[in-house]
Amino acid sequence: MRSVFSVALAVGWRTLHNNFTTPSLLIPGIAFPMFFFVAFAGGLSRVNDVPGFQFPVGYTAFQFVFVLLQSAAFAGVFTGFGIVRDFETGFARRLMVAAPDRRGILLGYGFGALGRWALTATILTSVAMLAGMEVGGNGVDVFALYTLAALVNVIGLLWSAGVAMRFRTLQAAPLMQLPVFLSLFFAPVFVPVELLAGWLQTIAHLNPVTLMLAAGRSLIAGQPAHIVGAFGAAFALIAFFAVWAGRGLRRAEAAGAS
Amino acid sequence: MSLASQVLHLARRSVIRTLRQPANWITPLVFPLALMAVNSGGLQAATTLPGFPTDSFVAFFLAFPFIQGALFSTVNAGVDLARDIQTGFLNRLALTPMQSTALLVGHLGGVIVMGFVQAIWYLAVGLAIGVRIEAGVLGTVVLLVLAVLIVTAFGSFGALAALRTGSTEAVHSLFPVFFVFLFISSMNLPRNLIETEWFQVAASLNPVSYLIEAIRSLVIQGWNEEALALGFAIAIGLAIVGLTLSSLSLRTRLART
């Protein structure tokens, strides 16, 4: 187990170092969520007045939860791009040869994704607070909200790592990104699920992201609901995608990490 | 070889090159419509806001794919031109009797053809899902002309970025900048219904708002002379500025090589 952690810490540190010292990697990860937050919370605040829309802490908080979960998922996906780059440059091959326990590689990328998202979440939260976002939840609620977002980050990472290790080329980037993007947007992004158009409401009801959004929004409002369902769905997805990523790692090993 | 023939050859190359990279034509055809579906489904309730100009959010939002599709094709085309610079293709062309005007017009010709195909596609999908163009058949023609003008304007800025930097990465990095202009606009709500004051000001200063509103006016209002005049003036103005700067950059680029 010690060897898993030593590999994980090294890979995690390298992922974070690369991310924080390369502006072309760092800036999009921070700018995009901020930009979505500004565009949605600023441009659509009038949606608060739509008949049937009731959210006790205002539209900024309503959108904040979506953008927080989105930033978490995409920090995972962007880390997947880094995994592909490592394969393309041949670094992953050397890493596989050097690592005494290769599960540590996956865990390390997970640390990297989490660290990467932590910075984005900190900046996003600061901007939201400066913009006057109301928070109705107490410390425990807020902690649960960020924990849920961290789990979403792990899901995003495991999904993209599985794809990255199977294809080992940046041409697979849309495959990493698009399903995550669609899962997030086929959910109640702008209004609660009851106010969505019929067809989108049907899809949203089947989409686990809807449950996570509902739970996250209830937590920030201080009226927790759907918590067990949301965390249950998150852990189930993590278990599923852990198998997906683990098998991807074995495929990469079998292919000689070329 | 005449100038027209040079232009045709380069435009043909530009189109074929795009067709050979499925990601470059599938993304502009699918992604804007996927976003339109999601936003229309999610924001249909916004049509109940007092003062909202239509009861169909799909019709209201149909202008969005035209602009986003233009952005996609612009960046893709800019990347292709930058790749020509990086691989030395432009250097080899410079050794031939090719005129520099042909390079720019031919390159943009390819972008315009793709932009036109995209515009027809968005329109067809819009009509298929029940959107009615209030300005009628003539309005549809005007909409397509405006869409092509917008693609030309954006395309000239994509070419400018490619010629100035000669780097595919730099052209790629323009995409988020263009995206900011798209999102901080009146794409989701009419400007008079945007509540946040700074956002309303930013959307009013943003030329993309007027391009969207010109297309939108043909779809949901009919003939709104003011919106159309503003939209056409901005598209033509951007095209003139973009083409002028691109021509100057091309001259510098060819002199440098």
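Which residues have the most contacts inside the largest nonpolar core? They are Met212(A) and Ile150(B), and the core itself has 167 residues. The largest share of this core, 18 residues, is supplied by helix 3 of chain A. The structure described here is a predicted model, and the account below moves from the core to chain A, then to chain B and to the contact between the chains.

**The core and helix 10 of chain A**

Apart from its neighbours within four places in sequence, Met212(A) is in contact with six residues: Leu69(A), Leu148(A), Val152(A), Ala230(A), Ala233(A) and Ala234(A). Three of these partners, Ala230(A), Ala233(A) and Ala234(A), are also buried residues of helix 10 of chain A. The other buried residues listed for helix 10 of chain A are Leu237(A), Phe241(A), Ala245(A), Gly248(A) and Ala252(A). Among the elements that cover the buried residues of helix 10 are helix 5 (103–130), helix 6 and helix 9 of chain A.

Helix 10 of chain A has 28 residues. From its first C-alpha to its last, this helix reaches 40 Å, close to the 40 Å expected at 1.5 Å a residue. After helix 10 of chain A comes Gly256(A), whose phi is positive, near 75°.

**Positive phi angles in loops of chain A**

Two residues of chain A that are not glycine also have a positive phi. For Arg168(A) the value is near 55°, and for His226(A) it is about 60°. Arg168(A) lies in the loop between helix 6 (139–167) and helix 7 (173–185) of chain A. His226(A) is placed in the loop between helix 9 (208–221) and helix 10 (227–254) of chain A.

Is Arg168(A) buried or exposed? Arg168(A) has 22 other C-beta atoms within 10 Å, and because a residue with 20 or more is classed as buried, Arg168(A) is buried. His226(A) has 19 such atoms within 10 Å, so His226(A) is classed as partly exposed.

**Val84(A) and its surroundings**

Val84(A) lies in helix 3 (residues 58–89) of chain A. Leaving aside neighbours within four places in sequence, the contacts of Val84(A) are Ala164(A), Arg168(A), Thr169(A), Leu170(A) and Ala172(A). Arg168(A), the loop residue with the positive phi, is thus one of the partners of Val84(A). Val84(A) and Arg166(A) are 82 residues apart in sequence, while their C-alpha atoms are 9.6 Å apart in space.

**Gly69(B) in chain B**

Gly69(B) is found in helix 4 (residues 63–86) of chain B. With neighbours within four places in sequence set aside, Gly69(B) is in contact with Pro28(B), Pro32(B), Gln118(B) and Tyr122(B). The C-alpha atoms of Gly69(B) and Gly115(B) are separated by 7.4 Å, although the two residues are 46 residues apart along the chain.

The table sets out the surroundings of the four residues discussed.

| Residue | Other C-beta atoms within 10 Å | Class |
|---|---|---|
| Arg168(A) | 22 atoms | buried |
| His226(A) | 19 atoms | partly exposed |
| Val84(A) | 23 atoms | buried |
| Gly69(B) | 27 atoms | buried |

**Chain B as a whole**

How many helices and strands are there in chain B? Chain B has eleven helices and zero strands. The C-alpha trace of chain B spans about 65 × 35 × 30 Å along its principal axes. A compact globule of 257 residues would have a radius of gyration near 18 Å, and chain B, with 19 Å, agrees with this. Of the 257 residues of chain B, 48% count as buried. Among contacts in chain B between residues at least 6 apart in sequence, 80% join residues at least 24 apart.

**The contact between the chains**

The contact involves 22 residues from chain B and 24 residues from chain A. On the chain B side, helix 2 (22–43) and helix 8 (168–183) each supply at least two residues. Helix 2 of chain B gives the largest share of that side, six residues. The residues of this side comprise 14 nonpolar, seven polar and one charged.

**Confidence in chain A**

Chain A averages a pLDDT of 91, and 99% of the residues score at least 70. Among the elements of chain A, the lowest mean pLDDT, 85, belongs to helix 2 (residues 23–43), and the highest, 97, to helix 9.

Conventions:
Residues are numbered from 1 along each chain as its sequence is written. Chains are lettered from A and ligands numbered from 1 in the order in which they are written. This is a predicted model: local features need pLDDT of at least 70, side-chain atom pairs count only at pLDDT 80 or more; totals for chains, interfaces and linings use all residues. Helices (H or I, at least four residues) and strands (E, at least two) are DSSP runs, numbered from the N terminus. The radius of gyration is taken over C-alpha atoms; the globule rule is 2.2 Å times the number of residues to the power 0.38. A residue is buried if 20 or more other C-beta atoms lie within 10 Å of its own, exposed if 12 or fewer, and partly exposed in between; C-beta atoms are placed from the backbone. Two residues are in contact if their C-beta atoms, placed from the backbone, lie within 7 Å. Ala, Val, Leu, Ile, Met, Phe, Trp, Tyr, Cys and Pro count as nonpolar, Asp, Glu, Lys and Arg as charged, and the others, Gly among them, as polar. pLDDT is the predictor's confidence in each residue, from 0 to 100. A nonpolar core is a set of buried Ala, Val, Leu, Ile, Met, Phe, Trp, Tyr and Cys residues joined through C-beta atoms within 7 Å. The expected span of a helix is 1.5 Å times one less than its number of residues.
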